Amino acid sequence: MAKILVIAEQVDGALKKGTLSAINLAQQIAARVGGGFDVGVIGSGVDGVVSGLQGFGAGAIYKVDGGGFAHYLAEPYTVAVKALAEKSGASFVISTAGTFGKDLLPRVAAALGAGMVADCTALAGDGADLLYKRPMYAGNVIATVRAKTPKVVISVRTAEFDAASPSGGQSPVETVSVEAGGGGARFVSFDGTESERPELTEADIVVSGGRGLKDGKTFWEVMNPLADALGAAIGATRAVVDSWEEVPNDMQVGQTGKVVAPKLYVAVAISGAIQHLAGMKNSKTIVAINKDPDAPIFQIADYGLVADAFAVLPEFIQKVKAARG
Ligand SMILES: Cc1cc2nc3c(=O)[nH]c(=O)nc-3n(C[C@H](O)[C@H](O)[C@H](O)COP(=O)(O)OP(=O)(O)OC[C@H]3O[C@@H](n4cnc5c(N)ncnc54)[C@H](O)[C@@H]3O)c2cc1C
């Protein structure tokens, strides 16, 4: 029998839906090795997050709620996760593999003396013999790894796991008191991007633009109306964010950017380098618009349009608008 602790990802009191994918993995592990899972919520003013996590079958929801945790910082959060893992008696600690998990979880693993499975995409092995699948080399190789330590910390590629479905019931909520402590880092400010659009990693539809869109000005002239018509988030290639200052780095999709797996991904004037594909190839439906018929993006696209994006997009957008009413 194992105890599993899922650390919820939240920002300003809003639950990130990737947490439900982490719960899915926790449920799968519990089904394989026996036992159950608890959820840990860390932050300031997180009662809404706790409520949103009711009904998923957690044995307990542990809450660390205080001013010292209002802004994410790896050092105090590690102290809190370690305290919650000890409270829960967890041998597995699971969270999301985005920016939050990438920063936090290796530190948690070190603090717990645990092995670390990063970017888990699926379980393998039989019964209680747990093996984990994870991508390597920009997703060109899938490794199957075993954790040899009694405790394991796992970051979950949320695009690979469906969100857990609520099963009903109420989990007891317990407040755990943790001192945020000093640590070497101090929160100064958070300069987030203000956007009306859905967030890139959470959006059902993503439209991404590449270097074929000429420059930063024309990038927005093309991508904004397309995203408006589809109600989409906007992404970009690394070539774009590196070259054009009008397009911020946090829009980069790919191996060294964000990993997305929306229902629909529209790649506009993107060649399809493996490093870009690593961040989007698990999208459910991929549409590519590129004027070069030999562009590698067409090898993974479900629908391809060989055309000059500037010439076809106005009509494309009009048709999307007409179809969506
Ligand atoms: C270690 C490492 C990590 C990397 N990480 C990432 C990453 O995370 N994400 C990422 O994206 N890249 C990453 N890269 C860079 C990657 O290798 C490519 O250079 C980059 O993805 C290319 O971007 P692009 O498709 O916009 O540009 P290009 O490769 O220059 O492609 C532009 C495309 O636009 C088409 N085109 C031109 N004009 C038009 C038009 N008018 N209409 C339609 N099509 C047109 C062209 O036919 C071409 O296919 C990484 C590279 C390295 C070495």
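1. How far does a backbone N or O atom of G257 lie from an oxygen atom of the ligand? In this model, which is predicted, the separation between that backbone atom of G257 and the ligand oxygen is 3.4 Å. Two further polar pairs help to place the ligand: a backbone N or O atom of R211 is 2.7 Å from one of the ligand's oxygen atoms, and an N or O atom in the side chain of N290 is 2.8 Å from an oxygen atom of the ligand. Of the 990 Å² of accessible area that the ligand has on its own, the protein covers 76%.

2. The surroundings of the ligand can be described by residue, by class and by element. There are 25 residues around the ligand, and those that come nearest are R211, T237, Q252, T256 and S271. Sorted by class, this shell holds twelve polar residues, eight nonpolar residues and five charged residues. Helices take part in the shell as well, since at least two of its residues are supplied by each of α6 (238–243), α7 (274–277) and α9 (309–324).

3. For a reader new to the structure, the overall form of the chain is a useful frame for these details. The secondary structure of the protein chain amounts to 17 strands and nine helices. With a radius of gyration of 21 Å, close to the 20 Å that the globule rule gives for 325 residues, the protein chain is as compact as a globular protein of that length. Taken along the principal axes, the box filled by its C-alpha atoms is roughly 60 × 45 × 40 Å.

4. The interior and the surface of the chain may be considered together. Of the 325 residues in the protein chain, 47% are buried, while the accessible surface comes to about 15,200 Å², with 50% of it belonging to carbon and sulfur atoms. Among contacts in the chain with a separation of 6 or more, 63% are accounted for by residues 24 or more positions apart.

5. T99 brings the discussion back to G257, which was named above for its backbone atom 3.4 Å from a ligand oxygen. T99 belongs to helix α4, which spans residues 99–112, and it counts as exposed because its relative accessibility is 64%, where exposed means over 50%. Although T99 and G257 are 158 residues apart along the chain, their C-alpha atoms are separated by 9.6 Å.

6. Two residues deserve a look for their backbone angles, and they differ in their setting. D119, which is not a glycine, has a positive phi of about 60°; D119 lies in strand β7, and its relative accessibility of 12% is why it counts as buried. K214, likewise a residue other than glycine, has a positive phi near 80°. K214 is found in the loop between β13 (205–209) and α5 (216–230), and at 58% relative accessibility K214 counts as exposed.

7. T121 sits in the loop between β7 (115–120) and β8 (122–124). Because buried means under 20% relative accessible area, T121 counts as buried at 14% relative accessibility. When residues up to four places away in sequence are not counted, T121 touches K133, R134, P135, R157, E160 and F161.

8. Q54 is another loop residue, placed between α2 (47–52) and β5 (61–65), and at 15% relative accessibility Q54 counts as buried. A polar atom of the side chain of Q54 is 2.6 Å from the backbone nitrogen of S171. S171 also appears among the residues that Q54 touches beyond four places in sequence, together with I61, G169, Q170 and V173.

9. A267 gives a view of a strand residue, since it lies in β15, residues 264–268. With a relative accessibility of 1%, A267 counts as buried, and, leaving aside neighbours within four places in sequence, A267 is in contact with S208, V287, A288, I289 and I297. S171, named in the previous point as a partner of Q54, is 42 Å from A267 in space, C-alpha to C-alpha, and the two are 96 residues apart in sequence.

Notes. Residues numbered from 1 in each chain as written. Predicted model: local features only at pLDDT ≥ 70, side-chain atom pairs only at ≥ 80, totals over all residues. Heavy atoms only, no water. Near = heavy atom within 4 Å. Polar contact = N/O pair within 3.5 Å; in protein donor to acceptor, adjacent residues only side chain to side chain. Areas by Shrake-Rupley, 256 points an atom, 1.4 Å probe, with all protein chains shown as cover. Helix = DSSP H or I, 4+ residues; strand = E, 2+ residues; numbered from the N terminus. Nonpolar A, V, L, I, M, F, W, Y, C, P; charged D, E, K, R; others polar. Buried < 20%, exposed > 50% of the residue type's maximum accessible area, 1.4 Å probe, protein only. Contact = heavy atoms within 4.5 Å. Rg over C-alpha atoms; globule rule 2.2 N^0.38 Å.
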